[in-house]
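Here is a short briefing on a predicted model. The topics are its sheet, the helices that pack on it, and a few residues.

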Amino acid sequence: MGTTSVGLLRLECEPLNIYELLKDIDEIMNPVFESNSQKLTISIQNPLPVVVADYKRLKQVILNLLDNAAKYTPWGGNISLTAGINHNNLEVEVKDNGKGMSPEEIGALFHLYSRSHKKGTPSGLGIGLALSKMIIDLHEGEITVKSKVGEGSAFTFSIPLRPKAK
């Protein structure tokens, strides 16, 4: 349907079924959560319309958010994935009951190579959330986070159901 790009990052937008996307993600992430004795709950507003977006890139964003939730949520913790429609936007939230973050940590989250240097924090390259933000920006959407130390985090992104005509 349409191609959008920034540098080497390209979107191939076409109509996609959110149910199929979330089913694929569940199959990929379920073993991770099982190995951590974590519980993933998926809630999907019914019915969800077809969304015009890049399947691979949205999958990449959601997998990144779920992978981070698994890393920062303790053994036996709870993680939820919800999807619904809000004001002609697809809205997806990944919420956990993990470590949570301070306002200072939240402020640096979406910058390239930003990562926590706290002792006992999982390692990473610090590109996942920055890349996720770029992908959501290319979809003309927005990604936000709410978090409190000791109470977990909730990452939410929304993208228009149909991109604006250019």
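Lys-95 has Ala-154 in strand 8 as its bridge partner. The two strands involved, strand 6 (residues 89-96) and strand 8 (residues 152-160), run antiparallel and are joined by 7 bridges.

**The sheet**
- The sheet is open and has 5 strands, in the order 3-5-6-8-7. Its pairing is mixed.
- Strand 3 (39-44) and strand 7 (142-148) stand at the edges. Each has a single partner strand, so one side of each lacks a neighbour in the sheet.
- From one strand to the next, the twist averages 15°.

**Helices on the sheet**
- Helix 1 packs on the sheet and touches strand 3, strand 5 (78-86) and strand 6. The direction of helix 1 makes about 175° with that of strand 3.
- Helix 2 (residues 55-72) lies across strand 3, strand 5, strand 6, strand 7 and strand 8. Helix 2 runs at about 175° to strand 8.

**Ile-25**
- Ile-25 sits in helix 1 (residues 18-35).
- Ile-25 counts as buried because its relative accessibility is 1%, and the cut-off for buried is under 20%.
- Beyond residues up to four places away in sequence, Ile-25 touches Lys-59, Ile-62, Leu-63 and Leu-66.
- Leu-66 is 41 residues from Ile-25 in sequence, yet their C-alpha atoms are 9.1 Å apart.

**Helix 4 and the residue after it**
- Helix 4 spans residues 128-138. Its buried residues are Leu-129, Ala-130, Ser-132, Ile-135, Ile-136 and Leu-138.
- Glu-140, just after helix 4, takes a positive phi of about 65°.

Definitions and conventions. Residues are numbered from 1 along each chain as its sequence is written. This is a predicted model: local features need pLDDT of at least 70, side-chain atom pairs count only at pLDDT 80 or more; totals for chains, interfaces and linings use all residues. Side-chain values use heavy atoms; hydrogens and water are left out. Buried means under 20% relative accessible area, exposed over 50%, partly exposed in between (1.4 Å probe, protein chains only). Helices (H or I, at least four residues) and strands (E, at least two) are DSSP runs, numbered from the N terminus. Contact means heavy atoms within 4.5 Å. Two strands pair if DSSP finds at least two bridges between them. Axes are lines fitted to C-alpha atoms, for helices over the stretch in contact, and angles run from 0 to 180 degrees between N-to-C directions.
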